[in-house]
Amino acid sequence: MSRFAYVNGLYLRHAEAVVHVEDRGYQFADGVYEVCEIRNGRLIDEALHMARLERSLRELRITMPMSLPALGVVMREVVRRNRVREGLVYLQVTRGVAPRNHLFPAEGTPPSIVVTAKSAPSRAGDSKAEKGVSVISVPDNRWERVDIKTVSLLPNVLAKQAAKEAGAYEAWFVDADGMVTEGSSTNAWIVTADGKLVTRPAESGILRGITRTVLFEVAKAAGYRIEERPFSIAEAQAAREAFFTAATAVVMPVVELDGKPIANGAPGTIATELRRRFHEFAAVAPARSHG
Ligand code: PMP
């Protein structure tokens, strides 16, 4: 249960934490966000999340609401006040409050910032990963700038809901060339017959996931080869394994794609190994997590 939220300088009771009706995030989805995993009370890969936040803001010409060290203090305080040991911290920055007008607000309008945190026991994710999850494919109808982590997530929301209504857990977007881009809130991977990991390059069509970036290091350290190239649904269905990555899911085996089982329909051994190794890696690399 969330108890407190940080809103524009104040720590408020969660039930009473509100933003203005003319917040640009509310009216135009004019804002960006980050989601960071918390493990043993520590922020995982904080520096990478903060670097991506700065990039998203820069691309949209929204100013940073406060310095990175100050933001680190606020995130830790929200985690502490909500007594989160295992879970997620959510951070959102919008272009601020101004009379509704498509044009940017007057120079000097302060950006809005909200930080929340919630517990999500890692055991719940582990038991899901032990069974693996089903995925459906949907046409990718998003804009070109999916590299920016904007709160404008309507296609992602519709895709995730379509997955649920089809009895699946995640939806993978497919581009006009028939190639998988990414999931509604995850990056997509397959394992080839000869054990190579394949994932789409981050140059187009996807968000550069932090879990994806870190998994490159984890997988290389474990001796795996990685190929950055697009793959199709048919290739994924015929693959040795499939999985997806996100801070909210870590490494999640995919056992069924558009109704077809992947391999024998059980979670793959490589995905399962990478899931286990991910936190071992995070635990021995405190410099990366700035915990
Ligand atoms: N793609 C999309 C569209 C996402 O929303 C997310 C999660 N925010 C990801 C990929 C995975 O990114 P990360 O590993 O940083 O959570």
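This passage describes the salt bridges, the enclosed spaces, a surface patch and two backbone features of a predicted model.

A search of the whole structure finds 21 salt bridges, and three of the pairs are described here together with the exposure of their residues. In helix α3, which spans residues 68-81, R80 and E77 lie three residues apart, a spacing of about one turn of the helix. These two residues form a salt bridge in which the closest N and O atoms are 2.8 Å apart. The partners differ in their exposure: R80 has a relative accessibility of 54% and counts as exposed, whereas E77, at 18%, counts as buried because it falls under the 20% limit. A second pair that shares a helix is found in α8 (residues 269-283), where R276 and E280 are four residues apart, again about one turn of the helix. The closest N and O atoms of the salt bridge between R276 and E280 are 3.2 Å apart. Here R276 is partly exposed, at 47% relative accessibility, and E280 is likewise partly exposed, at 40%.

The salt bridge between R145 and D147 has its closest N and O atoms 2.9 Å apart, and these two residues also belong to a network of salt bridges that links them with R55 and E59. Within this pair, R145 counts as partly exposed, with a relative accessibility of 29%, while D147 is buried, with a relative accessible area of 17%.

D147 is also one of the residues that line the second largest pocket, where it is listed with V146, A202, E203 and I206 as lying nearest the centre, out of 22 lining residues. Two elements give two or more residues to this lining, namely α2 (46-60) and α6 (210-221). Of the elements, α2 gives the most, with four residues. The space in the second largest pocket amounts to about 430 Å³, and its lining is made up of ten charged, eight nonpolar and four polar residues.

Besides the pocket, the model holds one cavity of 30 Å³ or more. The largest cavity contains about 60 Å³ of space, and the residues that line it are E37, I44, D45, H49, I210, T211, A246, A247, V250 and F278. By character, this lining divides into six nonpolar, two polar and two charged residues.

On the surface, L154, V157 and L158 form a nonpolar patch, and together these residues have about 310 Å² of accessible area. V157 is placed in helix α5, which covers residues 154-165. With a relative accessible area of 49%, V157 counts as partly exposed, because this value lies between the 20% and 50% limits.

Two residues other than glycine have a positive phi. A29, with a phi of about 55°, is found in the loop between α1 (24-28) and β3 (31-39), and at 25% relative accessibility A29 counts as partly exposed. N40, for which phi is near 50°, lies in the loop between β3 and β4 (42-43).

Methods:
Residues are numbered from 1 along each chain as its sequence is written. This is a predicted model: local features need pLDDT of at least 70, side-chain atom pairs count only at pLDDT 80 or more; totals for chains, interfaces and linings use all residues. Side-chain values use heavy atoms; hydrogens and water are left out. Patches are made of residues with over 30% relative accessible area and no salt bridge: like charges are joined within 9 Å, nonpolar side chains (Val, Leu, Ile, Met, Phe, Trp, Tyr) within 5 Å. Accessible areas come from the Shrake-Rupley method with a 1.4 Å probe; for residues, only the protein chains shown count as cover. A salt bridge is a side-chain nitrogen of Lys or Arg within 4 Å of a carboxyl oxygen of Asp or Glu. Buried means under 20% relative accessible area, exposed over 50%, partly exposed in between (1.4 Å probe, protein chains only). On a 1 Å grid over the protein atoms alone, a cavity is a set of points where a 1.4 Å probe fits but cannot get out, and a pocket is an open set with protein on both sides within 12 Å along at least five of seven lines; lining residues have an atom within 4 Å of a point. Grid points are joined across faces, edges and corners, and a volume is the space filled by probe spheres set on the points. Ala, Val, Leu, Ile, Met, Phe, Trp, Tyr, Cys and Pro count as nonpolar, Asp, Glu, Lys and Arg as charged, and the others, Gly among them, as polar.
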